Amino acid sequence: MSLSRQVQRWIKGIAYHCGFSLRRLRSAKANVSTGGDFAGKVRPLLHKVDPYQGFDWQSLPDDRSGWGSDSTAFGELVAAIKPRRIIEVGTWKGGSALTLAEALEKQGLDAEIICVDTWLGALEMWTDQEDAGRFGSLALKHGYPTLYYQFLANVCRAGQQTRITPFPIPSVTAAQWFSLRDVRADLIYIDGSHEEDDVYQDLVSYWDLVRPGGVLFGDDWSWDGVRLAVERFARENSLPITHRHDKWELKRPA
Ligand SMILES: C[S@@+](CC[C@H](N)C(=O)[O-])C[C@H]1O[C@@H](n2cnc3c(N)ncnc32)[C@H](O)[C@@H]1O
């Protein structure tokens, strides 16, 4: 990274801590076409201590259950784009992240996958307490979800600890952090909340983080909230929506 870029990032960090709004700090220069692009690994910026260190993963069952996690779209996109970095929004037990990690391994790519999730569940996981797959999987302990540990265990069991980095905060906050640190990605998978306003907000927040030539894609086209938000965002930005197996895609021009 050049010295001037380093100084710019340093000034941005200080200004943010002095109370400047992120909106004011994100000048036109900071968007993907002209702004910086952090070239290193994100893991050390997020975790001073390895999140997997000393974790007793063998005490948890082998349970990767999720939705749309094994889609062949993941492998095809990894082969086509050859990503250097992937961001996933909505990870649950890690099914889709592990499919992506295995595709990277197959292609011999040393990319990292940053998984953004609160691991607290989306609206549909809290609406039916009899639903073992959704509410039950949150595995509340003292009233608070412990789903995150099932995700960690699945990553360890698959031996993908070096590729997969958890970022356990709300999606929009994570996008602000990525923007502040100039972190961009070649593939961004959106599979968090399925409520229309939330999905739209995720699209707005993550689109600028897609590298030129990269792809923003997502699951659940059959959900009204997802489809309406993607259609609105695509219309407003004159972007064609394409489909690959069960996923929708928005491609950023190179
Ligand atoms: C449908 S699941 C993801 C499924 C996963 N991709 C798979 O392969 O099975 C949605 C996930 O998004 C997370 N989530 C929902 N809203 C979120 C938000 N605003 N910020 C971060 N995570 C969120 C939930 O905690 C949940 O784990």
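**Aromatic rings**

I started with the ring pairs, and found that Phe55, Trp119, Tyr148, Tyr149 and Phe151 are linked by them into a cluster. A note to self before going on: this is a predicted model. I then asked how many aromatic pairs the count comes to, and the tally is 16.

One of these pairs I looked up in detail is Phe178 with Tyr206. Their geometry is edge-to-face, with 6.4 Å centre to centre and 65° between the planes. Which parts does the pair tie together? Phe178 belongs to helix H8 (residues 171-180) and Tyr206 to helix H9 (residues 196-207), so the contact joins parts 28 residues apart in sequence. I checked both for accessibility as well. Phe178 has 0% relative accessibility and so counts as buried, the cut-off being under 20%. Tyr206 is also at 0% relative accessibility, and it counts as buried too.

I also looked for a charge over a ring. Arg232 lies over the face of Tyr200, 3.6 Å from the ring centre.

**Cavities**

Next I turned to enclosed space. Rolling a probe the size of a water molecule over the atoms shows where empty space is left. Searching the whole structure gave me 2 cavities of 30 Å³ or more. The largest cavity holds about 40 Å³ of space.

Which residues line the largest cavity? I wrote down Ile190, Asp191, Gly192, Ser193 and His194, then Val199, Asp219, Val226 and Trp248. By character, this lining divides into 4 nonpolar, 3 polar and 2 charged residues.

**The largest pocket**

The largest pocket came next, with a volume of about 570 Å³. Its lining is made of 35 residues. Which of them lie nearest its centre? My list reads Gly90, Ala122, Asp191, Gly192 and Ser193. I had already met Asp191, Gly192 and Ser193 in the lining of the largest cavity.

I then sorted the lining by element. Helix H5 (95-107), H8 and H9 are the elements that give two or more residues to it. H9 supplies the largest share, 3 residues. I recalled that H8 and H9 hold the two partners of the ring pair above, Phe178 and Tyr206 respectively. By character, the pocket lining comes to 11 nonpolar, 15 polar and 9 charged residues.

**Strands E1 and E2**

I wanted to know whether strand E2 (residues 112-116) is mostly covered or open. It is mostly covered, as 5 of its 5 residues are buried. I went through it face by face: Glu112, Ile114 and Val116 are buried on one side, and Ile113 and Cys115 are buried on the other.

For its neighbour, I looked at strand E1 (residues 85-89), which is joined to E2 by 5 bridges. The two strands run parallel. As one example of the pairing, I noted that Ile86 has Ile113 as its bridge partner in E2.

**Positive phi**

Last, I looked at backbone angles. Lys82 has a phi near 50°, a positive value in a residue other than glycine. Where does Lys82 sit? I found it in the loop between helix H4 (72-81) and E1. With a relative accessible area of 45%, Lys82 is partly exposed.

His245 went on the page as well, its phi being positive and near 50° in a residue other than glycine. I traced His245 to the loop between strand E6 (242-244) and strand E7 (247-251).

Technical notes:
Residues numbered from 1 in each chain as written. Predicted model: local features only at pLDDT ≥ 70, side-chain atom pairs only at ≥ 80, totals over all residues. Heavy atoms only, no water. Phe/Tyr/Trp six-rings, centres within 6.5 Å; stacked < 30°, edge-to-face > 60°. Helix = DSSP H or I, 4+ residues; strand = E, 2+ residues; numbered from the N terminus. Buried < 20%, exposed > 50% of the residue type's maximum accessible area, 1.4 Å probe, protein only. Lys NZ or Arg CZ within 6 Å of the ring centre and 35° of its normal. 1 Å grid on protein atoms, 1.4 Å probe; cavity = no way out; pocket = protein on both sides within 12 Å on 5 of 7 lines; lining within 4 Å. Points joined across faces, edges and corners; volume = space filled by probe spheres on them. Nonpolar A, V, L, I, M, F, W, Y, C, P; charged D, E, K, R; others polar. Pairing = 2+ DSSP bridges.
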